[in-house]
Amino acid sequence: SRELQRGGVQRPHPLNSPVSAMGRVKKEEDLGPEADENWKSKDPKALAHEIATFMGGEWPTRPVRKVQLAADGVPTGDEELFEMTMLNPTLLSEMSLKTRFLFLEVYLEDLQDVYSEVMETLKGDKVTYDSLRKFKHLAISLAFNAVSDVCQQAFDKTDFDPFPEVAPDERPGCVCPLDVKAFTQQTAAAVALVKMMVDAEGELPPAAEPRIVRVEKKFYYDDI
């Protein structure tokens with residue numbers, strides 16, 4: 001061929017061919033749906049469902065709550081709820097309104113689901129370490145500090161030595177003495193505050209503003 005006449009090397013297959021230079025057929029890797037897949041849904045919730053069920057996937061279902069959360073005596077004002085829950089709204093303030101609304105809708109259900117998981121393990125005044133640890137992770141992820149502190153107090157009263165951690169956050173047989181009344185009140189207050197923001201479609205209440213930690217981004221080169 002003309003390529004060989006020039007002293008070149010003739011390739012048996014193009015570089016982008018599924019057949020490699022060694023003659024082996026390259027295995028096509030399934031990377032899932034393309035980023036620019038032409039999804040039918042435009043609404044964020046419907047789009048999430050469409051993506052999750054793409055190619056036979058299943059939409060996750062929530063467990064049945066065997067223990068319902070009592071909301072007796074929970075404040076109704078945003079200022080009182082912020083004081084009680086010690087929520088730091090900084091993370092929420094950094095989200096866009098639409099993202100915050102969608103996030104809080106899910107978080108509202110998660111709080112109640114995991115509260116039920118904890119209370120289902122209650123025997124006397126003790127609950128399982130695994131369930132309470134799961135709840136604390138959930139609470140502190142959004143900086144609900146008061147209910148997180150209640151969980152930590154239970155851990156501080158627990159002897160972990162006889163129950164080694166077999167996996168991250170898993171200590172089979174380990175139980176912790178929990179202040180159930182404080183735990184329930186703080187969880188109910190957190191749920192009430194999250195629901196307030198969900199009902200406002202993600203808008204933060206006035207009491208959030210003075211509690212947001214703002215860091216001014218500046219660069220100083222005075223020492224140069």
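**Figure 1. Buried residues of helix α8 in the predicted model.** In this predicted model, the buried residues of α8 are F183, T184, Q186, T187, A188, A189, A190, V191, L193, V194, M197 and V198. The elements that cover these residues include α3, α4 (90-93), α5, α6 and α7. Helix α8 is 20 residues in length and spans 28 Å between its first and last C-alpha atoms, close to the 28 Å expected at 1.5 Å a residue. After α8 comes E201, which has a positive phi near 55 degrees.

**Figure 2. The largest nonpolar core.** This core has 42 residues. The members that touch the most other members are L111, L132, F135, F144, L178, F183 and V194. Helices α3, α5 (97-120), α6, α7 and α8 each contribute at least two residues to the core. Leaving aside residues up to four places away in sequence, V194 is in contact with L104, Y107, L108, L111 and F144. V194 is also one of the buried residues of α8, as is F183.

**Figure 3. The buried side of helix α3.** The buried residues of α3 are D78, L81, F82 and T85. These residues lie on the same side of α3, because they cover an arc of only 100 degrees around the axis. In an α-helix there are 3.6 residues a turn, so residues three or four places apart point the same way. The buried residues of α3 pack against α7 and α8. Just after the helix, M86 has a positive phi of about 55 degrees.

**Figure 4. The salt bridge between E79 and R211.** The side chains of E79 and R211 form a salt bridge with an N to O distance of 2.7 Å. E79 belongs to helix α3 (residues 78-85) and R211 to the segment after α8 (180-199), so the salt bridge ties together parts that are 132 residues apart in sequence. E79 is partly exposed, at 32% relative accessible area. R211 is likewise partly exposed, with a value of 24%.

**Figure 5. The salt bridge between R133 and D169.** R133 and D169 meet through their side chains in a salt bridge, with N to O at 3.2 Å. This pair links distant parts of the chain, 36 residues apart: R133 is in helix α6 (residues 129-141), and D169 is in the loop between α7 (145-156) and β2 (175-177). R133 counts as partly exposed, with 23% relative accessibility. D169 is partly exposed as well, at 25% relative accessible area.

**Figure 6. The E209 and R214 pair and a salt-bridge network.** E209 and R214 form a salt bridge through their side chains, at 3.0 Å from N to O. E209 is partly exposed, with a relative accessible area of 47%, whereas R214 counts as exposed at 57% relative accessibility. Elsewhere, R62, R65, E109, D110 and D113 are joined into one network by salt bridges that share partners. The whole structure holds nine salt bridges.

**Figure 7. Cysteines C151, C174 and C176.** The structure contains zero disulfides. For C151, the closest cysteine sulfur is that of C176, at 9.4 Å, which is too far for a bond. C151 is buried, with a relative accessibility of 0%. C174 is in no disulfide either, and the nearest cysteine sulfur to C174 is that of C176, 4.7 Å away. A disulfide would need the two sulfur atoms within 2.5 Å. C174 counts as buried, at 2% relative accessibility.

**Figure 8. D72 and A189.** D72 is in the loop between α2 (44-52) and α3. D72 is exposed, with a relative accessible area of 69%. A189, by contrast, is among the buried residues of α8. D72 and A189 are 117 residues apart along the chain, and 9.7 Å separates their C-alpha atoms.

Key. Residues numbered from 1 in each chain as written. Predicted model: local features only at pLDDT ≥ 70, side-chain atom pairs only at ≥ 80, totals over all residues. Heavy atoms only, no water. Salt bridge = Lys/Arg side-chain N within 4 Å of Asp/Glu carboxyl O. Helix = DSSP H or I, 4+ residues; strand = E, 2+ residues; numbered from the N terminus. Buried < 20%, exposed > 50% of the residue type's maximum accessible area, 1.4 Å probe, protein only. Arc of directions from axis to C-beta. Contact = heavy atoms within 4.5 Å. Core = buried A, V, L, I, M, F, W, Y, C linked by side-chain atoms within 4.5 Å. Expected span 1.5 Å × (residues − 1).
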